[in-house]
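User: Walk me through the labels on this one, please. I want the cut-off behind each, not just the verdict.

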Amino acid sequence: MNSEELRICENNMRYKFCPHCGGKLSLEETFSLSRPKCVNCSRIFYQNPAVGVAAIIIRNKKILLGRRRNSSHRDMWCIPCGYVEYYEDAKEALIREMKEETNLDIKLSTVFDIHSNFHNPAQHTVGIWFLVEEHLGDIAPGDDVEALDFFSTAEIKEQNIVLAFPTDVRILDDLINKGLIR
Ligand SMILES: [Zn+2]
């Protein structure tokens with residue numbers, strides 16, 4: 001993100017009132033960045049990205065994608081993913097999310113890549129894409145995924161599959177370049 005984009009983000013305060021005392025939040029320079037600060041109790045609110053985790057599940061050099069059901073990016077496709085809950089281990093979160101969204105029991109391999117996602121101004125995330133070593137069970141869409149299928153990149157083009165997230169597009173390019181998908 002460049003400085004101009006950062007400035008725009010700072011001016012778009014996501015919250016207006018203090019969750020502790022209900023006081024008004026104002027922007028104040030704190031450690032060289034403007035951050036929301038409560039005018040009443042003086043608490044500073046550090047705005048940090050949430051953590052998202054995604055599973056790269058490959059069969060016959062095709063990647064598993066899910067069509068989204070919820071309002072955000074409805075009917076667009078993504079690499080199956082989810083948010084890490086506040087008290088949850090990141091890897092356990094992904095194993096749980098994949099059971100909910102795909103019905104698969106997965107065994108994680110290594111981290112494939114990490115990207116910052118700025119596509120949603122209301123919730124920036126840091127995404128961690130894991131390679132999946134093993135996936136067991138019958139695939140069945142659930143939770144906020146309404147369809148699942150394996151795609152080659154040619155099939156993604158032919159079937160006009162629209163990917164919801166620009167970082168998923170980068171991941172697909174890198175998977176092709178490394179010969180992991182076709
Ligand atoms: Zn307050």
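User: What makes the link between the side chains of Asn 117 and Thr 167 a polar contact?

Analyst: The two side chains come to 2.4 Å, and a polar contact is a pair of N or O atoms within 3.5 Å, where within protein one must be able to donate a hydrogen and the other to accept it, and sequence neighbours count only through side-chain atoms on both sides. So 2.4 Å falls inside the 3.5 Å limit. Bear in mind that this is a predicted model, where local features need pLDDT of at least 70 and side-chain atom pairs need 80 or more, while totals for chains, interfaces and linings use all residues. Residues are numbered from 1 along each chain as its sequence is written, and side-chain values use heavy atoms, with hydrogens and water left out.

User: How do you know that Asn 117 is buried?

Analyst: Its relative accessible area is 6%, and buried means under 20%, exposed over 50% and partly exposed in between (1.4 Å probe, protein chains only). So Asn 117, in strand β8 (residues 105–117), passes as buried. Its contacts (heavy atoms within 4.5 Å) include His 124, Val 126, Trp 129 and Thr 167, leaving aside residues up to four places away in sequence. The C-alpha atoms of Asn 117 and Thr 167 are 6.9 Å apart, although 50 residues separate them along the chain.

User: Why does Asp 168 have no salt bridge?

Analyst: The nearest side chain of opposite charge is Arg 68, at 7.1 Å, and a salt bridge needs a side-chain nitrogen of Lys or Arg within 4 Å of a carboxyl oxygen of Asp or Glu. So 7.1 Å misses the 4 Å limit. Asp 168 is buried all the same. A polar atom of its side chain lies 3.0 Å from the backbone nitrogen of Ile 79, and Asp 168 also touches Cys 78 and Trp 129.

User: What makes Glu 155 and Lys 62 a salt bridge?

Analyst: The N to O distance is 2.9 Å, so the pair clears the salt-bridge cut-off. Both residues are buried. Glu 155 sits in helix α3 (residues 153–158) and Lys 62 in strand β5 (residues 62–68), so the bridge ties together parts 93 residues apart in sequence. Helices here are DSSP runs of H or I with at least four residues, strands are E runs of at least two, and both are numbered from the N terminus. The whole structure has eight salt bridges.

User: Why are Arg 96 and Glu 100 about one helical turn apart?

Analyst: They are four residues apart in helix α2 (residues 90–102). Their closest N and O atoms are 3.2 Å apart, in a salt bridge. Arg 96, at 23%, and Glu 100, at 36%, both count as partly exposed. The two are linked with Glu 88 and Glu 97 in a network of salt bridges.

User: What makes the arrangement around the zinc ion tetrahedral?

Analyst: The four donor atoms subtend angles of 97 to 119 degrees, and four donors count as tetrahedral if all angles lie between 85 and 135 degrees. The donors are the SG atoms of Cys 18, Cys 21, Cys 38 and Cys 41, at 2.3 to 2.4 Å, so they meet the donor limit (N, O or S within 2.8 Å of the metal, 3.2 Å for Na, K and Ca; water is absent, so sites may look incomplete). In sequence their spacing is C-x2-C-x16-C-x2-C.

User: Which label does Cys 38 get, buried or exposed?

Analyst: Buried, because its relative accessible area is 2%. Cys 21, at 35%, counts as partly exposed.

Note on methods:
Tetrahedral: all angles 85-135°; square planar, octahedral: opposite > 155°, others 65-115°. Lys, Arg positive; Asp, Glu negative; His and termini not counted.
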